[in-house]
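Colleague: I should like to understand how the terms used for a structure are justified. May I question you on some of them?

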Amino acid sequence: MENKNREILAFLSDLRDNNMRPWFQANKARYDAAREHLLDTTAWLIAHIARFDDTVRYLEPKECLFRIYRDTRFSPDKSPYKRHFGTYICAQGGHRSILSGYYLHLEPGHSALCGGVYCPDKETLKRVRTAIDIDFDDFERIIAANDFRQHFGTVVAYNTLQRVPQGFSADSPAAKYLKFKEFIVERHFTDDEVCAPDFFENLLPMCQAMKPFNDFMNAAILES
């Protein structure tokens, strides 16, 4: 897979410093080229991830790639454009899916591969917590696997409770995770790593290591 991430990061760096419609329109050709490459990249990743995760096989790249245009209606930051590109390869709708999938974030100095459940609604959060509480041995085995730890370290949450939520025991072996309001795995990359010729190929073993975690999350979310 050809890597044009250096040009993409350069565009995003310039956009960060010139986040205005006139500049964007004057540089629309650079944006269009970056978007087209990301669509090609997403198609390539879908095809290769589908070899070990059949749930993503029939996704369309346009379903996965997030828009660069920001919704500024309720934000004090009126910058019209995001400072990053993101593509979410995930069953049942790509970037619109509530399931756990494979999210690639490209941003100068802040690129990452992520997965998990981010900002879930109350019912989804309760289902995931319940699954972790009941099947903690399975959950712990997944996140303790050597390849998972090598690529992601552990599961993190940007927001947590002070106490175990109502309906769960404070003595549960899973108590630490029951306080989580989200369940995220992430691997960060330097700009040099993102621009390396084999960057996209190197993502595949990371995605494969993430798959059991995604499977656990999604089995919980889809529990009827």
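Colleague: What makes you say that helix 10 lies across strand 2, strand 3 and strand 4?

Modeller: Helix 10 (residues 199-221) lies across these three strands and runs at about 15 degrees to strand 3. Contact means heavy atoms within 4.5 Å. Axes are lines fitted to C-alpha atoms, for helices over the stretch in contact, and angles run from 0 to 180 degrees between N-to-C directions. Helices (H or I, at least four residues) and strands (E, at least two) are DSSP runs, numbered from the N terminus. The model is predicted: local features need pLDDT of at least 70, side-chain atom pairs pLDDT 80 or more, while totals for chains, interfaces and linings use all residues. Residues are numbered from 1 along each chain as its sequence is written, and side-chain values use heavy atoms, without hydrogens and water.

Colleague: Why are strand 1 and strand 4 said to stand at the edges?

Modeller: The 4 strands form an open, antiparallel sheet in the order 1-2-3-4. Strands pair if DSSP finds at least two bridges between them. Strand 1 and strand 4 (183-189) each have a single partner strand, so one side of each lacks a neighbour in the sheet.

Colleague: How do you know that strand 2 and strand 3 pair?

Modeller: Strand 2 and strand 3 (residues 111-117) share 3 bridges in the antiparallel sense, and the definition requires at least two.

Colleague: Why is Y88 called buried?

Modeller: Buried means under 20% relative accessible area, exposed over 50%, and partly exposed in between (1.4 Å probe, protein chains only). Y88 has 9% relative accessibility, and therefore counts as buried. Y103, at 18%, is buried.
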